[in-house]
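Here are my notes on the model you sent over, point by point. Have it open while you read.

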Amino acid sequence: MSDRANQLISDILRRIHEAIVENDVTYEEYQTAKQWFIDVGEAGEWPLFGDVYIEHVVEEHNFANRAGSQGTILGPFHLPGAPLLVAPFELPHRPDETGERTHVSGRVTDAEGNPLQNANLDIWQADAEGRYSGFMPGPPEGNLRGQVRTDEEGRYEFTTVIPGPYTIPLDGPTGNMTAAAGWSPWRPAHIHLIVGADGYEPLVTQLFIDTSDYLDNDVASAVKPELIVHPEPTSDGSYAITYDFTLAPTHAPAMA
Ligand code: BEZ
Ligand code: FE
């Protein structure tokens, strides 16, 4: 038995027991909740439920004092092994991909502003209709997923389309619970990134599009003001987003 498991499980159960007493939960409500737990498992939605309603607190609490750029939740739609892109660094997309074209660029540096060469940016996003490849019908496998590396000045760039906002699945138990509570199921438009470099803490983050709806009502509570970007219109009719990332050094392991 671990003291940590005992402490955590006891605390969570005590808080559930208190909520039952304070809210006079009935036997009928208990049976409804029990069936809902079963439904979440059968629908394979525990990762979704956790990342929508729990992950943001884990992220905020664990990284509250981390130096460098802000991170936010990973979410359930990352797929490892996206292709490493070469110039002109275009995220893989359909020939007729809809959405506004945008160039995204910036630098990756350490806390002193020194460039981090060969830092890796792993990028994934929904399409303009809010659909993720590999999880939702529509986009082909690998669509709008790729990795790029920084040059000797710490610069990175890629081109993509501006993603659309999306709802969590409405027809499953997580969506049903969200509707039962009267909450919005929407996430604002965003681009996911994991920025990594040897000797630095990987930064799991998202860039939120400032023109998107739902920035102040994200179902996953993952928006931070520092992560909102403005796509600037360019002379060729597309857009440009610039964003610099600062990485924190890897924590030295604690002394035993
Ligand atoms: C996402 O950012 O893709 C996401 C995060 C939490 C739940 C569902 C989706
Ligand atoms: Fe997302």
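**Notes on the predicted model**

1. Let's start with the largest cavity. Helix 3 (residues 46–53) supplies the largest share of its lining, three residues. Keep in mind throughout that this is a predicted model. The largest cavity comes out at about 120 Å³, and 14 residues line it. Those lying nearest its centre are Gly75, Pro76, Phe77, Tyr166 and Arg187. By class, the lining splits into nine nonpolar, three polar and two charged residues.

2. How many cavities of 30 Å³ or more does a search of the whole structure find? Two. The second largest cavity holds about 30 Å³ of space. Its walls are made by Arg66, Ala67, Gly68 and Ser69, together with Glu201, Leu203, Thr246, Leu247 and Ala248. Here the count is four nonpolar, three polar and two charged residues.

3. On to the metal. Which protein residues act as donors to the iron ion (ligand 2)? Two tyrosines and two histidines do: Tyr132 and Tyr166 through OH, His190 and His192 through NE2. They sit 1.8 to 2.3 Å from the iron ion. Along the sequence, the spacing of the donor residues reads Y-x33-Y-x23-H-x1-H. Tyr166 has turned up before, as one of the residues nearest the centre of the largest cavity.

4. If you plan to parametrise the iron site, look at the angles. The iron ion (ligand 2) has six donor atoms, with angles among them running from 55 to 166 degrees. That makes the site irregular. Are the two histidine donors buried or exposed? Histidine 190 and histidine 192 are both buried.

5. The two histidines also lead into the sheet, as strand 7 covers residues 190–196. Strand 7 pairs with strand 2 (residues 120–125) in the antiparallel sense, over six bridges. For a concrete contact to click on, take isoleucine 123, whose bridge partner in strand 7 is leucine 193.

6. Zooming out, the sheet is an open one of five strands, in the order 3-2-7-8-9, with mixed pairing. Strand 3 (145–149) and strand 9 (228–229) are at the edges and have a single partner strand each, so one side of each lacks a neighbour in the sheet. As a reminder, strands of a sheet pair through backbone hydrogen bonds, either parallel or antiparallel.

7. Now the open spaces. The largest pocket has a volume of about 810 Å³, and 21 residues line it. Ile16, Ala19, Ile20, Ala33 and Phe37 are the ones nearest its centre. Helix 1 (3–22) and helix 2 (27–42) are the elements that give two or more residues to this lining. Helix 2 contributes the most, 10 residues. The lining of the largest pocket has 12 nonpolar, four polar and five charged residues.

8. Last, the second largest pocket, at about 180 Å³. Its lining consists of Ala43, Gly44, Glu45, Pro47, Leu48, Pro76, Phe77, Phe135, Met136 and Pro169. Eight of these are nonpolar, one is polar and one is charged. Pro76 and Phe77 are worth a second look: they line this pocket, and they are also among the residues nearest the centre of the largest cavity.

Note on methods. Residues numbered from 1 in each chain as written. Chains lettered and ligands numbered in written order. Predicted model: local features only at pLDDT ≥ 70, side-chain atom pairs only at ≥ 80, totals over all residues. Heavy atoms only, no water. Donors = N, O, S within 2.8 Å, 3.2 Å for Na, K, Ca; no water. Tetrahedral: all angles 85-135°; square planar, octahedral: opposite > 155°, others 65-115°. Buried < 20%, exposed > 50% of the residue type's maximum accessible area, 1.4 Å probe, protein only. 1 Å grid on protein atoms, 1.4 Å probe; cavity = no way out; pocket = protein on both sides within 12 Å on 5 of 7 lines; lining within 4 Å. Points joined across faces, edges and corners; volume = space filled by probe spheres on them. Helix = DSSP H or I, 4+ residues; strand = E, 2+ residues; numbered from the N terminus. Nonpolar A, V, L, I, M, F, W, Y, C, P; charged D, E, K, R; others polar. Pairing = 2+ DSSP bridges.
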